Amino acid sequence: MLDFSSLLLAAALSGTCLSITMLAIWLTAPQARFVLTVACGILVLVAHVVLFWQYTKEPNPWLCQAVLVLLSLGFLIICMSAMQYLGFRNYRRPILPTLAAMLACAAFTYLGFDGIGFQITYAAVTALLAAIGTMFWMKGDHDRRILLVVSFLSGACGLSFALCGLVLLVQGQWVLGAAPDNWAERLNTVVAVACMTGLGALTLSLHHLQAQIELKAETMTDPLTGLMNRRALGELYGDRSFGPFMAIAMFDLDHFKTTNDVFGHPVGDQVLCRFAAVIKKYGRAGVDAFRLGGEEFALVMSRMTPEKAHDMASRIGVAFGTEIVPTHRGPLRSSVSGGMGFGAADGRSLDEVLAEADAALYAAKRAGRNRVIAQPKESQPDGGPARKTA
């Protein structure tokens, strides 16, 4: 059976191997900063384990200070890496509370109450691990199976540290003079080795998952405007049945070739981006915008009556008409034509609705542009005039 020293050395070796692996991954993918942060945190914990092992052999007040500081600092860095991965903007938020705990620990340890110092540190580490588990449980929006395992391992590791502090508290060990050695410490060493190894492996899985998500996002996003592209339209709606409260508006910028020829392609790109910005303003749940290619755009609207869908498309056209792009030839105003395609009670395919919207769009072009037509005249059952807006 392994003794306490062997468990500590096993933890140090496991952490070192994990850190080296993560650093190698970060070198091949520098944009994955959370992997580097995790590696740094584990290296700090490795240093803690090595010093703690030394402290068990030769107790020293200053060595005790270093051991406790490194333990809190290591888990603080790992907590910050979790916040980086989950997209928290202020991932430095836990720094001040952890520093306060470290200062309190240092003060008690300096006064000779090293047992209280250990209890404060264990409490801080428990709080950090609980925060990690809670964040992955609540905020993660990727593969829930991986995230739930991360939450479980963080919680188990945090519980083992809480038990260490609780044993010292119950036994009233305010002054130790040596490294604490009890059943909770030994259990914590085993659990920490297992959990940190598991968390390290899951970090690699999360990196791989994030890389896949980013790659898919790149293939489904138009790089100029930031809107989704035609491929994304097919992925999201290719298999959908368009019911009576679904519609598609197709837009085509008027005289865009002339804009490029007269003002240059950089100005043309600005015009495209201005229209993308306008269409994004109308985005909400059930409304998705796409750039189909060139100067063609599409807006898919769900849970909306045909009248409201047409009204939204018309307002987009009016709003774009007020946009001004400065050029070397003076201010440039552009307009857009649009056509509507609607779902049906018995369901219609994406291709059918797009074909109807495309026909209405060309009807708008023939009618003089700068308008949105909800139904081309030749397809109306009653032969009445098409709805349009200038």
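**A mixed sheet and a nonpolar surface patch**

Within strand β4, V300 is the bridge partner of I248. That pair is a handy way into this predicted model, since it belongs to the pairing of β2 with β4, an antiparallel match that runs over seven bridges. Residues 246–253 make up β2, and residues 296–302 make up β4.

Stepping back, the two strands sit in an open sheet of six, ordered β1-β3-β4-β2-β7-β8, with mixed pairing. The edges belong to β1 (228–229) and β8 (372–373); each has a single partner strand, so one side of each is left without a neighbour in the sheet. As background, strands of a sheet pair through backbone hydrogen bonds, in either a parallel or an antiparallel way.

Both kinds of pairing turn up around β3, which spans residues 287–293. With β1, the match is parallel and covers two bridges; here M228 stands opposite F290 of β3. With β4, the match is antiparallel and covers six bridges, and V287 faces M301 of β4. The β3 and β4 hairpin has two residues between its strands, and G294 takes a positive phi near 60° there.

How much of β4 is buried? The count is seven of its seven residues, so the strand is largely enclosed by the rest of the structure. Cover comes on both faces: E296, A298, V300 and S302 are buried on one side, and F297, L299 and M301 are buried on the other. V300, the partner of I248, and M301, the residue opposite V287, thus turn up again, on opposite faces of the strand.

Two helices lie across the sheet strands. Helix α8 (residues 230–237) crosses β1, β2, β3 and β4, and runs at about 135° to β3. Helix α12 (residues 350–366) lies across β2, β7 and β8, and its direction is at about 145° to β7, the strand of residues 336–342. Strand β2 is met by α8 and also by α12.

Elsewhere, the surface carries a nonpolar patch made of W62, F108, Y110, L111, F113, L166, L169, V170, W174 and V175, which together have about 1,100 Å² of accessible area. Two elements give two or more residues to this patch, namely α4 (95–110) and α6 (144–170). The biggest share is that of α6, with three residues. Another member, W62, has its place in helix α3 (residues 61–86). With a relative accessible area of 63%, W62 is exposed.

Terms used. Residues numbered from 1 in each chain as written. Predicted model: local features only at pLDDT ≥ 70, side-chain atom pairs only at ≥ 80, totals over all residues. Heavy atoms only, no water. Pairing = 2+ DSSP bridges. Helix = DSSP H or I, 4+ residues; strand = E, 2+ residues; numbered from the N terminus. Contact = heavy atoms within 4.5 Å. Axes fitted to C-alpha atoms, helices over the stretch in contact; angles between N-to-C directions. Buried < 20%, exposed > 50% of the residue type's maximum accessible area, 1.4 Å probe, protein only. Patch = residues over 30% accessible without salt bridge, like charges linked within 9 Å, V, L, I, M, F, W, Y side chains within 5 Å. Areas by Shrake-Rupley, 256 points an atom, 1.4 Å probe, with all protein chains shown as cover. Salt bridge = Lys/Arg side-chain N within 4 Å of Asp/Glu carboxyl O.
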